[in-house]
Amino acid sequence: MDWWRRRGQAVRLEWYVRGSLYGQLALSPLLIGGLVQLEVTRAALVAVVAGFVVHTVVCLRLAHDGINAYLGLREPPTALVIAGGVLTAAGVGTGFLAFPHPTPGQPDGPATAILLMLAVTYVAALSVAVRPRYALAVSAVFGVSGGLTSGAGATIALGLLLVSIVLGYRTSLWILGMVRELDRARHVQAGLAVAEERLRFARDLHDVVGRTLSVVALKAELAAQLARRGREEAVEEMLEVRRIAQDSLTELRAVVGGYRAADLDVELAGARALLASAGIQCRVIGDGGAPPPQLQSTLGWVVREGITNLLRHSEARSCVVTLRSGPDAVTLTMANNGVPAAAAPAVVFGGGLIGLTERITALGGSVSAARTLPDGFQLSVELPLPVVSPAVAA
């Protein structure tokens, strides 16, 4: 069942809804054969089952296209709705013409069984292809038709059965649409979080570099004009340009440093909140304040990168962040499930993991990333503890 666990919740729910509906429709010819085989001749039974096979194929296609239309994957299957209705009406009418009387010793005859199975099959497919009120109206028509031959009790029973089918499948379809919408919202939210961070960084760069470059341009133009006139003030203006550029470089480094800095406790809290809003369970094992202050920013950056990868490249349902401090090193492990089945077995480091590896190895640490069974991914980072001199320790 690994192939099933690797699928996301939306995909699994869609398969369940489709499978239950398709299974019910596909079994209809067998059920009608079992209901009428003792009441009709062999030739009539073959004709009834053959007609049901054709009817079932149309209803299967109607259900398939109806679900796709509800999910926005295609236009509503109007032609199939009409074709299914015509086949159902023709089958019911033929059944009553061929078997107008009840079977001896029974309250009804084969025509009632044909009506029951045709109505159930068509209404089940129709319930996911049209608005509920239309499917309920068709159910009422079939209920009245059953009452014409078997009385008011049959009308009520058949009507309640068809109404329950409509409400049941329509509710399942509604839940499927909601789950797919939540799944799309999770991916959009991840993209918005990344875009918001990029906008913040771009705004900071514009505020710092844009203002400074404008001043540098004006100063350089002024120095050029003074130099053409042979004025000694041109040298002072160029020195001022150099000073402004050096100050700008200092401010730029501060902006970049602030962007890269990440407090571990803040990042862990943000990761829990972000994943919870996306419907992903997040459990943190360990204390974010335990690692030395020198490693807090680096480990916080690891959490930030790990959560970004999780939201972008998986359909995770749970995530566990484990932080352990040993006598010589600190280990941070992030494990999640929901890795797509089509993902390559070997982990390919992209830009984010490459940058993470460069930062960690520069501090003497190590980074590892690997797939875990059945559908998981684990990112592990180990950082050596900074050496404390005896004088500082004292």
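Colleague: Before we start, I take it that helices are DSSP runs of H or I with at least four residues, and strands are runs of E with at least two, numbered from the N terminus. How many helices and strands does the protein have?

Modeller: The secondary structure comes to 13 helices and five strands. Please keep in mind that this is a predicted model.

Colleague: What share of the residues is buried?

Modeller: Of the 394 residues of the protein, 37% count as buried. A residue is called buried when its relative accessible area is under 20%, exposed when it is over 50%, and partly exposed in between.

Colleague: And what about the surface: how much area does the protein expose?

Modeller: The exposed area is about 21500 Å², and carbon and sulfur atoms supply 64% of it.

Colleague: Which residues make a nonpolar patch there?

Modeller: Tyr70, Trp174, Ile175 and Met178 form a nonpolar surface patch of about 390 Å².

Colleague: Which helix gives the patch its largest share?

Modeller: That is helix 8, residues 152–228, which contributes three residues. Trp174 lies in helix 8, and this residue counts as partly exposed because its relative accessibility is 49%, which falls between the 20% and 50% limits.

Colleague: Let us change topic to helix 6. Is it mostly enclosed or mostly open, and why?

Modeller: Helix 6 is largely enclosed by the rest of the structure, because 16 of its 17 residues are buried.

Colleague: What span should helix 6 have, and how far apart are its end C-alpha atoms?

Modeller: Helix 6 covers residues 110–126, and at 1.5 Å a residue it should span 24 Å. The expected span uses one less than the number of residues. The end C-alpha atoms of helix 6 are 24 Å apart, so the model agrees with the expected span.

Colleague: Now Ser139, please. Where is it found, and is it buried or exposed?

Modeller: Ser139 is found in helix 7, residues 132–150. The residue counts as buried because its relative accessibility is 1%.

Colleague: Which residues does Ser139 touch?

Modeller: Leaving out residues up to four places away in sequence, Ser139 touches Val123, Leu162 and Val166.

Colleague: In the whole protein, what share of such longer-range contacts joins residues at least 24 apart?

Modeller: Among contacts between residues at least 6 apart in sequence, 70% join residues at least 24 apart. An example of residues far apart in sequence that meet is Glu305 and Gly352: they are 47 residues apart along the chain, yet their C-alpha atoms are separated by 6.8 Å.

Colleague: Which residues does Glu305 touch?

Modeller: Not counting residues up to four places away in sequence, Glu305 touches Gly352, Leu353 and Leu356. Glu305 lies in helix 11, residues 293–313, and it counts as buried because its relative accessibility is 14%.

Colleague: Let us turn to charges. Why can charged side chains pair?

Modeller: Side chains of opposite charge can pair when their charged atoms come close.

Colleague: How many salt bridges are there?

Modeller: The count comes to eight salt bridges.

Colleague: Which residue does Glu14 pair with?

Modeller: Glu14 forms a salt bridge with Arg180, and their closest N and O atoms are 3.1 Å apart. Glu14 lies in helix 2, residues 9–26, and Arg180 lies in helix 8, so the pair ties together parts that are 166 residues apart in sequence. Both Glu14 and Arg180 are buried.

Colleague: What about Arg231?

Modeller: Arg231 forms a salt bridge with Glu233, with the closest N and O atoms 3.3 Å apart. Arg231 is partly exposed at a relative accessible area of 40%, and Glu233 is partly exposed at 31%.

Colleague: And which side chain does Arg304 meet in a salt bridge?

Modeller: The side chain of Arg304 meets that of Glu267, with an N to O distance of 3.2 Å. Arg304 lies in helix 11 and Glu267 in helix 10, so the pair ties together parts that are 37 residues apart in sequence. Helix 10 covers residues 264–277.

Colleague: Are Arg304 and Glu267 buried or partly exposed?

Modeller: Arg304 counts as partly exposed because its relative accessibility is 22%, whereas Glu267 counts as buried at 16%.

Colleague: Last one: which residues are joined into one network by salt bridges that share partners?

Modeller: Glu14, Arg18 and Arg180 are joined into one network in this way.

Terms used:
Residues are numbered from 1 along each chain as its sequence is written. This is a predicted model: local features need pLDDT of at least 70, side-chain atom pairs count only at pLDDT 80 or more; totals for chains, interfaces and linings use all residues. Side-chain values use heavy atoms; hydrogens and water are left out. Buried means under 20% relative accessible area, exposed over 50%, partly exposed in between (1.4 Å probe, protein chains only). Contact means heavy atoms within 4.5 Å. Patches are made of residues with over 30% relative accessible area and no salt bridge: like charges are joined within 9 Å, nonpolar side chains (Val, Leu, Ile, Met, Phe, Trp, Tyr) within 5 Å. Accessible areas come from the Shrake-Rupley method with a 1.4 Å probe; for residues, only the protein chains shown count as cover. A salt bridge is a side-chain nitrogen of Lys or Arg within 4 Å of a carboxyl oxygen of Asp or Glu.
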